[in-house]
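Please open the model in your viewer with the whole chain displayed, and keep a selection tool at hand. The tour goes from one selection to the next and says what is found at each stop.

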Amino acid sequence: MRLPDFLIIGERRSGTTNLAKWLEAHPEIYIAPQVDKAFFLDKAVVGTRKWFDGQVDASKWEKEHNLSDYANYFE
C-alpha cells in the first residue's frame with residue numbers, strides 16, 4: 001500500500017472539500033472516503049487553548065500516533 005503523495009490542509013469552510021472532489025474526478029487520484037481525518041490534532045488541544053500556554057506534551061502525541069495508524073486510514 002502507498003501512503004498519500006499530498007495532503008489538503010485548510011481551515012473550515014475554506015473550500016478543501018470542493019478541492020478534494022475536483023481532484024477525485026482525475027482517474028489517477030484516489031481520495032480517501034473520510035476526508036476529515038483530524039489525525040494530526042492532539043486530543044488535548046481540540047476545543048481548548050492549551051497550545052497557547054505551551055502545556056501540550058509533544059512526546060505524548062508521538063506515543064499515541066504512528067505511521068501504521070496513519071496508513072490504516074488508507075486501506
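Begin by selecting phenylalanine 74, which is buried because its relative accessible area of 18% is under the 20% cut-off. In this predicted model, phenylalanine 74 belongs to the segment after helix H4, the helix that spans 67–72. Show its surroundings next: leaving aside residues up to four places away in sequence, phenylalanine 74 touches Met1, Pro4, Ala32 and Lys37. Then add leucine 3 to the selection and join the two C-alpha atoms, which lie 7.3 Å apart in space although phenylalanine 74 and leucine 3 are separated by 71 residues in sequence.

Move now to phenylalanine 39, in the loop between H1 and H2. Phenylalanine 39 counts as buried because its relative accessibility is 8%. From here, select tyrosine 70 as well: the C-alpha atoms of phenylalanine 39 and tyrosine 70 are 7.4 Å from each other, with their positions 31 residues apart along the chain.

The following residue in the numbering, phenylalanine 40, is placed in the loop between helix H1 (16–24) and helix H2 (50–53). Select Phe40 together with Leu7 and Ile9, and draw the surface, since these residues make a nonpolar surface patch of about 370 Å².

For the next stop, pick leucine 19, which lies in helix H1. Leucine 19 is partly exposed, because its relative accessible area is 36%. A C-alpha to C-alpha line from leucine 19 to isoleucine 8 spans 8.2 Å, and the two residues are eleven apart in sequence.

Now release the selections and look at the chain as a whole. There are four helices and zero strands, and from the N terminus on the elements run α-α-α-α. Of the 75 residues, 13% count as buried, and the chain exposes about 6600 Å², of which carbon and sulfur atoms supply 53%. Among the contacts between residues at least 6 apart in sequence, 51% join residues at least 24 apart.

Finally, colour the chain by pLDDT. The mean over the chain is 78, and 75% of the residues reach 70 or more. Which element has the lowest mean pLDDT, and which the highest? Helix H2 has the lowest, at 58, whereas helix H1 has the highest, at 91. Where pLDDT is low, the predicted coordinates should not be read in detail.

Terms used. Residues are numbered from 1 along each chain as its sequence is written. This is a predicted model: local features need pLDDT of at least 70, side-chain atom pairs count only at pLDDT 80 or more; totals for chains, interfaces and linings use all residues. Side-chain values use heavy atoms; hydrogens and water are left out. Patches are made of residues with over 30% relative accessible area and no salt bridge: like charges are joined within 9 Å, nonpolar side chains (Val, Leu, Ile, Met, Phe, Trp, Tyr) within 5 Å. Accessible areas come from the Shrake-Rupley method with a 1.4 Å probe; for residues, only the protein chains shown count as cover. A salt bridge is a side-chain nitrogen of Lys or Arg within 4 Å of a carboxyl oxygen of Asp or Glu. Helices (H or I, at least four residues) and strands (E, at least two) are DSSP runs, numbered from the N terminus. Buried means under 20% relative accessible area, exposed over 50%, partly exposed in between (1.4 Å probe, protein chains only). Contact means heavy atoms within 4.5 Å. pLDDT is the predictor's confidence in each residue, from 0 to 100.
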